[in-house]
Amino acid sequence: MQDAKGPDQLFQRALAEGEILLPKCDDCGAYHFFPRVLCPHCHGTAISWKQAGGKGRVHTTTVVRRKPERGGDYNVCVVELDEGVRMMSRVEGIAPGEVVIDMPVTAFVGEAEGVPAVLFKPSEG
């Protein structure tokens, strides 16, 4: 499902509709992220869009410190999804300092700076 406006716009439009889609190469079968027109693994151009499973683990994490009057501290992390792609995001629902490497997380569509974004919350169980 390619779009004349490009892969990034397709990804953003899906987020606006509450879906997390990932590009998958039809030639080599590998997922990739960020969206692009060529597969970074085999340089194939046959790209399909698949619904993300939404499960992953925190790969890296840090706490950005801010004064309370500027919104307070927040977490920035890289999450590796089960599909093998990594996304920069944040983990919501817990204190920024409680996010740890290898923590299981679940993706959801939230909002960052007024636009739809892939965010994560700790996985239950």
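# Reading the terms

Visitor: Why is Gln-12 called partly exposed?

Guide: Gln-12 has a relative accessible area of 32%, and the word buried is kept for values under 20% and exposed for values over 50%, with partly exposed in between (1.4 Å probe, protein chains only). Because 32% falls between those two limits, Gln-12 is partly exposed. The residue is found in helix α1, residues 7-16, where a helix is a DSSP run of H or I with at least four residues, a strand is a run of E with at least two, and both are numbered from the N terminus.

Visitor: What kind of model is this, and how are its residues numbered?

Guide: This is a predicted model, in which local features need pLDDT of at least 70 and side-chain atom pairs count only at pLDDT 80 or more, while totals for chains, interfaces and linings use all residues. Residues are numbered from 1 along each chain as its sequence is written, and side-chain values use heavy atoms, with hydrogens and water left out.

Visitor: How many helices and strands does the protein have, and in what pattern do they follow?

Guide: There are one helix and seven strands, and along the sequence they give α-β-β-β-β-β-β-β.

Visitor: What makes Phe-11 and Phe-33 an edge-to-face pair?

Guide: A search of the whole structure finds one aromatic pair. Its members are Phe-11 and Phe-33, whose ring centres lie 5.3 Å apart with planes at 65 degrees. Rings of Phe, Tyr and Trp (its six-membered ring) pair if their centres lie within 6.5 Å, and planes under 30 degrees apart count as stacked, over 60 as edge-to-face and the rest as tilted; therefore this pair is edge-to-face. Phe-11 lies in helix α1 and Phe-33 in the loop between β1 (21-25) and β2 (47-51), so the pair ties together parts that are 22 residues apart in sequence.

Visitor: Are these two residues buried or partly exposed?

Guide: Phe-11, at 5%, is buried, whereas Phe-33, at 25%, is partly exposed.

Visitor: How do you know which residues His-32 touches?

Guide: Contact means heavy atoms within 4.5 Å, and, not counting residues up to four places away in sequence, His-32 touches Pro-23, Leu-38, Cys-39, Pro-40, His-41, Ile-47 and Val-85. His-32 is found in the loop between β1 and β2, and its relative accessible area of 2% makes it buried.

Visitor: What does the side chain of Ser-89 reach?

Guide: Ser-89, in strand β5 (residues 86-89), is buried, with a relative accessible area of 11%. Its side chain reaches the backbone oxygen of Val-118 at 2.6 Å. Among the residues that Ser-89 touches are Asn-75, Cys-77 and Phe-120.

Visitor: Which backbone angles deserve a remark at His-43 and Asp-102, and at the bond from Phe-33 to Phe-34?

Guide: Most residues other than glycine have a negative phi, and most peptide bonds are trans. His-43, however, has a positive phi of about 70 degrees, and Asp-102 a positive phi of about 75 degrees, although neither is a glycine. The peptide bond from Phe-33 to Phe-34 is cis, with omega near 25 degrees.

Visitor: Why is His-43 called exposed?

Guide: His-43 has 58% relative accessibility, which lies above the limit already given, so His-43 counts as exposed.

Note on methods
Polar contact = N/O pair within 3.5 Å; in protein donor to acceptor, adjacent residues only side chain to side chain.
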